[in-house]
Amino acid sequence: MDPNFVQGLHNLLAQSTSNDTVQLKAATAQLNREYYKNPLCIPALTSIIASSPDQAIRQLAAVELRKRISVGSGELWIVISPDQRQEIRSKLPELVLNDPSNLVRHSTARVIAAIASIEIPLNQWPELLPFLLQTCQSPNAAHREVGVYILYTVLENIVEGFENHLQEFFRLFEALLNDPESAEVRITTVRALGVIAQYIDTDDKQDIKSFQQLLPAMINVIGQSVEAGNETGARQLFDVLETLLILEIPLLGQHVPQLVSFLLQCGANRQYDNDLRILALNALNWTVQYKKQRIMSHGLAPAILQGLMPIATEEEPEDVDDDAPSRSALRIIDCLATSLPPTQVFPPLRELIQQYFSSPDAANRRAAMLALGVSVEGCSEFMTPLMPHVWPVIEAGLRDPDATVRKASCVAVSCLCEWLEDQCVSRHAVLVPTIMQLIEDPVAQRAACTALDGLLEILQDEIHQYLHLIMERLSGLLETAPIPVKSVIIGAIGSAAHASRDHFLPYFQPTMDRFKHFLVLTGEGEEQELRGITMDAVGTFAEAVGKDVFRPYFADMMKQAFDGIQVGSARLRECSFLFFGVMARVFEDEFAPYLPSVVPALIASCEQPEHGEEAFTISNAEIAASFATGTSPANAITVTDDMNGNAEIDIEDIDVDKMLDVNSTICIEKEIAADTVGTLFAATRSHFLPYVEQCTIKLVGLLPHYYDGIRKSAIDSLLEIINTFYELSNPQEWKAGLPPQVPVDQQVKELINHVVAPLLEMYESEDNKKVVASMCVGLAETIQKVGPVFLEGRFDMIGNIALQILGQKSICQQDPDQDESEEAPEDQAEYDSMLISAAGDLVTALANVLGPSFDGAFRMFFPLISKYYKSNRSLSDRSSAIGCLSEVIGGMKSAITPFTEPLLQLFYSALSDDEPEVQCNAAFASGLLVEHSEVDLSSQYLNLLASFRPLFVVADDAPQAKFNARDNAVGAVARMILKNTAAVPLDQVLPVFMGALPLKHDFQENVPVFRAIFHLFRTNTAVLGPYMEKLLQVFAFVLDPSAPDMLTDEIRAELISLIGLLNRENPGMVQAAGLAPFVPGS
């Protein structure tokens, strides 16, 4: 080894530790140019680690040595002679044990790991493992720390050479987890086990068992770190825990109750630092999310809720972005509600809410209201029948003497408005006035405005009585409120416009004048948020007042939206894209001139990285200082060339989350951009054709994106592109059955081929239920529109998606703790029911498009669908199962015949269901079965009529579902009359049948109803004699030109023809009913 080479390298490393940026840059350039491409730098750096008296230089030498060994998959290391490699391998273990600096020892340990990752796969360096095992058992604690750290770093780099030694490691780690002297040994051992866990296979039963035996000791080590206030160690250990939770191998097994108890204790202990408590609570959130099967089977939800409620009573920070234990606790309650069956969550939570809300302590009452609010998303269906008991609590909370409780109650109302619209609208007379008072309350003001926003958005016609008061009050507040509250007020005004539609016209121009100066704000943070929300509200105004009224503002508002894109804010770009979508929907063809400017902006958004403008920028002062001095190997970043002159970026042990913090606002912006593409094509039609290919390619590229919102938007837009492209091809109406009988444009086929293959491939690994549900609904709509050509060559693949979901076997439904042979539990989260319903939509589409030839597939689907109609299933499951079967019958028509008996028995059960929504679907399904089955069901008519009879009795204040059920029962009776009039006791049936007319809710059932009436007029006019006056009133009702369209063109034509006949027989009666204008030739 040339001593001058070593000395020159040493001097440059010394220069690299200087605080002088000029010297640092010069040294770095010279090192890269003259030393780091030369293989001799490896023994030279080893020599410097061994001999330099300066700790900073030894450390930097170790950092650089690891990089030189690793560069280009070890190309420099392999070039040096075998003797030199052997000498370095022999020297490094000695150096790592003897260096007095912990930082140098750690950096040198990583050098050993880098060499091991090259040598072990080649069966070299047999001395390494014995050295590590011996060092880990050294009587010297510092040696044990080094030994286990090297073992950890080696395992991080390469496990493949050590699979046969796992049992040996488990025995070693059992001792190290209980190291009597060194917390560092214990912590590093847990980290090493976290690495090993990732390589254990499901079939390695012995390894799984050995690992599980160590879990109690691992949990103890985490507890010791939290107890000692060791935040760095605790973060590393909670990272390991999160790794164990997300692995597909059920390593945590029966230890989940112990883990949950431990995490709750940590999270609840107010003696611990808040950051450590939040770490524990976040880990509990992951446990609920990824181990829900264990949480359910052990019945842990009540105990978790019991432990979380006291934490939820703690103070919340003012800043909405700051985390706190109370916020973490509420997140877990939310996670429990959305992940577990509501039967396991809401009953115990309801008891706790009642207990806490009756407390004299305002903090307890506030926690009760917030817990109620966060639980609504996952328990909305379950809560619906309980709402009469919930409303008094909410209303008391809104009037509570403590302002923080009133504020929390407003938050709860916001949640209710999102998930229980009908319930909230029914309480408008109490909610609107109460919340209007609270918007003057300084503490609750912002939350009250948010609640008002949510309420106004759903009020529909009920808003008219409040509109003037609301606009007067909100407009006044807009002048005085602070900026964050202004943003919420503007959102509420937008919602008022959305609900009131053309009733908003008197307020439109004054409001636009008031909003103008918000649209040109350029400040960051709150000002940008205010500008963005104002842009959203203006878009809502355009939809409310229509394009003719909005047109004078159109060009100027588009300019403001383009200006927003230029500001450099992801939030403003997102708002501009949403605005473009709204303007395209409102102005349609008139939007086309903007496409050449809008589409490139959307494409650019979809292409941008989420990590900021450049992949590596040093913005953090602390990291920049470490980089400049080179004294912290944990933060050293070097850009070097490999042997071939290619630039390589090396990150040595930096905090990757800090340096490459994924910008979630950019992800949301890309989600909106991707979604807007489909909206623009649907709105601007043929004007968008020049952009279809480019946009399709970009959207397909987003399908594998890690952010679920982007994947969902890409799916939605791609399917929208297919739908619109198909519509523009002037297609003939498709005919049911495969192969397709009606030709389809070749370009449409090519587009389908280009999109559907990656879509189906994506499904195979998609683990997000919302994304899969959205895909199913989107596929169903596209299949219904495009017809058999969409299924050609891929029916089995698409059908398999529905089969897997209904069988609860899709990737997104898997729980690693559930045995493959084990049946999924029948009691499931409401989000799971949403997914099942979406799969039902897909089955319906397949049945409609295949028609009678769906019979073979239906043999597989029928048992899977029917299992969702059981008394212990949720309302959503029961309703969607019967609804799906009814649609399938409508698609298959007479091919349903072989399934008549089991379907009829199922429908009888459903007709006696407690829920009108299920009865409604059952009545519809029964009628369709009678209509289409070739089995003579006359013998069942009396039983069916008896089952329908209760559905005809509906109180005036009954819920909507009861009225729908009555309309469907009327339709079913009509189908029975059409199929076999003689089997219907008309003398008993017609009084009830006529009494339910006219239909006022489900106008689709007017088709069978009027066909039955026409049939009776043709075949048995006398039987209708007593009802003639009633029928003429019904005819006048359905033909009323000021009312919504209630009839198909075919039924309308036949009805008008019938009126002509009746007019010839009795013109006075027809005139009296107001039907003279409809008499043909009048």
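# Close-up views of a predicted model

**Figure 1. Two residues with positive phi in loops.** Arg685 has a relative accessibility of 27%, so the residue counts as partly exposed. The view is taken from a predicted model, as are the views that follow. Arg685 belongs to the loop between α34 (664-684) and α35 (692-702). Its phi is positive, near 55°, although Arg685 is a residue other than glycine. Asn123 is not a glycine either, and its phi is positive at about 60°. This residue is located in the loop between α6 (102-119) and α7 (128-136). With 70% relative accessibility, Asn123 counts as exposed. For comparison, most residues other than glycine have a negative phi.

**Figure 2. Two cis peptide bonds that lead into prolines.** The bond from Leu738 to Pro739 is cis, and its omega is near -5°. Pro739 sits in the loop between α36 (708-728) and α37 (746-763). A cis bond also runs from Leu997 to Pro998, with omega near 0°. The loop that holds Pro998 lies between α48 and α49. Most peptide bonds, by contrast, are trans.

**Figure 3. Helix α51 and its buried side.** Helix α51 spans residues 1028-1039 and contains 12 residues. From its first C-alpha to its last, α51 reaches 16 Å, close to the 16 Å expected at 1.5 Å a residue. Which residues of α51 are buried? They are Met1028, Leu1031, Leu1032, Val1034, Phe1035, Val1038 and Leu1039. These residues are on the same side of α51, because they cover an arc of only 155° around the axis. An α-helix has 3.6 residues a turn, so residues three or four places apart point the same way. The cover over the buried residues of α51 includes α48 (986-995), α49 (1006-1019), α50 (1021-1024), α52 (1049-1065) and α53 (1067-1072).

**Figure 4. Two of the aromatic pairs in the structure.** A search of the whole structure finds 30 aromatic pairs. In one of them, the ring centres of Phe504 and Tyr507 are 6.2 Å apart; the planes stand at 40°, so this pair is tilted. Phe504 and Tyr507 are both buried. In the pair of Phe854 and Phe861, the centres are 5.8 Å apart and the planes lie at 20°, so the pair is stacked. Phe854 has 0% relative accessibility and therefore counts as buried. Phe861, at 1% relative accessibility, also counts as buried.

**Figure 5. Ala857 in helix α42.** Ala857 is part of helix α42, which covers residues 855-866. Is Ala857 buried or exposed? Its relative accessibility is 8%, so Ala857 counts as buried. Leu846 is 11 residues from Ala857 in sequence, and their C-alpha atoms are 9.4 Å apart in space.

**Figure 6. The region annotated as "domain: Importin N-terminal".** This annotation comes from an unreviewed UniProt entry and covers residues 27-98. Over this stretch the chain is 86% helix and 0% strand. The C-alpha atoms at the ends of the stretch are 29 Å apart. A further detail concerns Arg68, which lies over the face of Tyr36 at 4.1 Å from the ring centre.

**Figure 7. The whole chain as the setting for the close-up views.** The protein chain has 53 helices and two strands. Its C-alpha atoms fill a box of roughly 120 × 70 × 65 Å along the principal axes. Of its 1082 residues, 57% are buried. Among contacts between residues at least 6 apart in sequence, 73% join residues at least 24 apart.

Note on methods. Residues numbered from 1 in each chain as written. Predicted model: local features only at pLDDT ≥ 70, side-chain atom pairs only at ≥ 80, totals over all residues. Heavy atoms only, no water. Helix = DSSP H or I, 4+ residues; strand = E, 2+ residues; numbered from the N terminus. Expected span 1.5 Å × (residues − 1). Buried < 20%, exposed > 50% of the residue type's maximum accessible area, 1.4 Å probe, protein only. Arc of directions from axis to C-beta. Contact = heavy atoms within 4.5 Å. Phe/Tyr/Trp six-rings, centres within 6.5 Å; stacked < 30°, edge-to-face > 60°. Lys NZ or Arg CZ within 6 Å of the ring centre and 35° of its normal. UniProt positions renumbered as here; feature names shortened; annotations may be inferred.
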